[in-house]
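Colleague: I am new to this structure and would love a short tour. Could you show it to me before we start?

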Amino acid sequence: MLRFLTAGESHGPALTVVIEGLPSGLGVDRTALDADLRRRQGGYGRGQRMKIESDAVEILGGVRHGRTLGSPVTLLIRNRDFDNWRDIMSPDPQPAEAKARKALKHPRPGHADLAGALKFLKDDLREVLERASARETAARVAAGALAKSLLGASGIEIRSHVIRIGAAVVEGSAQPWGDLGAIEESPVRCADARVAEAMIAEIDAAKKVGDSVGGEFEVVARGLPPGLGSFTQWDRRLDGRVAQALMSIPAVKAVSVGGGFEAGMTPGSRFHDEILYEDGAGVVRPTNRAGGLEGGVTNGEELRARAVVKPIPTLMRPLRSIDMRSKEPRTASVERSDTCVVPAAGVVGEAMIALVLADAMLEKFGGDSLDEYLGHLEATRSQWRAFLARRPQEA
Ligand SMILES: Cc1cc2nc3c(=O)[nH]c(=O)nc-3n(C[C@H](O)[C@H](O)[C@H](O)COP(=O)(O)O)c2cc1C
């Protein structure tokens, strides 16, 4: 129902994204879009480029006077660094010298460099990394901010927080929603101030020796209606769609929903969430180890999904590699790089989850205009209320 395509290179003129499927009449607040872009650029452990780029969205289509028209929305984010790359990344033919100046010949282990070179038969790895770079996630975050606007109008909110950086980890069960409200005040976007200090120390230690460090973040969505996604076909299961969305983020290597990896080591009697009913409150689940999804369908609880982020592959003390032409041993090329991107990856995770949830909401409630969509949502809500209020003799 909702689809989007991004385009653009890391040091090209701009990134663009086209989002199709949003209903007309949805408010578009450019400051909210820019705020999310800024959050993606922040976080302790980011490098020099974040000081050069200060991302801002330009809206090229699909919006009039602050509201969507129902046509595809086109967003553009200029690469401010392009000024330094004009001839190198020019779409028009240039002297060979311009290409040679920033050529990359020694593939970096952990990047797309080698796989992309073999795929496209290129020995200038620049032509691989320019698109494989996680700079592309800025466009996803802009699209995700529009999805959040639809979710916000539907009473759904999304937050993310960092659980682990290296050996510094928030122990124990899921952090309550209320603890995540001031997350942006933490330089590592961690809700536990003591663990945050340990995380900063992990990043400093890695940076000092030219290394990098990974970790884990969690995305939480609340206010979700039950019934999003479906168990009737494998590709309609929302857990699968959530997993793909998070796994598609560069550097994410594992994804879990709710209790996730704990599920394999906990007896069923201590894993599953019991079902109670209270007059007034309706169905009550005392725990949420399912992470809001049972059978690939939302069950009305908070959706909680986690992603593990690998240590970023560009190392200031590079690993062994080869020269793509001579095949002689070399150390991997070094591009300007961050030390840790886990806090930023969490912001990208929010955007990806927002896009998946907005798609699932439009699938269930549909509508060409926001009013029509909200009418469908409200009608279904009252059906649920009536359904749950029934007593056996009426069933
Ligand atoms: C927000 C964000 C920023 C990133 N920045 C860097 C970086 O500065 N240097 C780097 O080597 N990798 C960075 N990465 C990770 C690489 O883009 C990623 O590891 C690489 O493209 C290979 O993809 P894969 O790890 O999914 O296999 C970043 C990832 C994210 C999500």
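Modeller: Happily, and let us begin at alanine 251, where a backbone N or O atom lies 3.0 Å from an oxygen atom of the ligand. That is a polar contact, meaning a pair of N or O atoms within 3.5 Å. This is a predicted model, where local features need pLDDT of at least 70, side-chain atom pairs count only at pLDDT 80 or more, and totals for chains, interfaces and linings use all residues. Residues are numbered from 1 along each chain as its sequence is written, and side-chain values use heavy atoms, with hydrogens and water left out.

Colleague: How far is an N or O atom in the side chain of lysine 310 from an oxygen atom of the ligand?

Modeller: Threonine 314 also takes part, with a polar side-chain atom 2.7 Å from an oxygen atom of the ligand. For the side chain of lysine 310, the distance to a ligand oxygen is 2.7 Å.

Colleague: How much of the area that the ligand exposes when taken alone does the protein bury?

Modeller: Areas here come from the Shrake-Rupley method with a 1.4 Å probe. Taken alone, the ligand exposes 630 Å², and the share buried by the protein is 86%.

Colleague: Which class, nonpolar, polar or charged, has nine residues in the shell around the ligand?

Modeller: Ala, Val, Leu, Ile, Met, Phe, Trp, Tyr, Cys and Pro count as nonpolar, Asp, Glu, Lys and Arg as charged, and the others, Gly among them, as polar. Four shell residues are polar and five are charged, while the class with nine is nonpolar.

Colleague: Now the strands: which residue in β9 is the bridge partner of isoleucine 165?

Modeller: Strands (E, at least two residues) are DSSP runs numbered from the N terminus, and two of them pair if DSSP finds at least two bridges between them. β7 (residues 157-165) and β9 (residues 215-222) pair in the antiparallel sense over eight bridges. Histidine 161 stands opposite glutamate 218 in β9, and the partner of isoleucine 165 is glycine 215.

Colleague: Which strands stand at the edges of the sheet?

Modeller: The open sheet has five strands in the order β8-β7-β9-β15-β10, with antiparallel pairing. Each edge strand has a single partner, so one side of each is left without a neighbour in the sheet; these strands are β8 and β10.

Conventions. A polar contact is a pair of N or O atoms within 3.5 Å; within protein, one must be able to donate a hydrogen and the other to accept it, and residues adjacent in sequence count only if both atoms are side-chain atoms. Helices (H or I, at least four residues) and strands (E, at least two) are DSSP runs, numbered from the N terminus.
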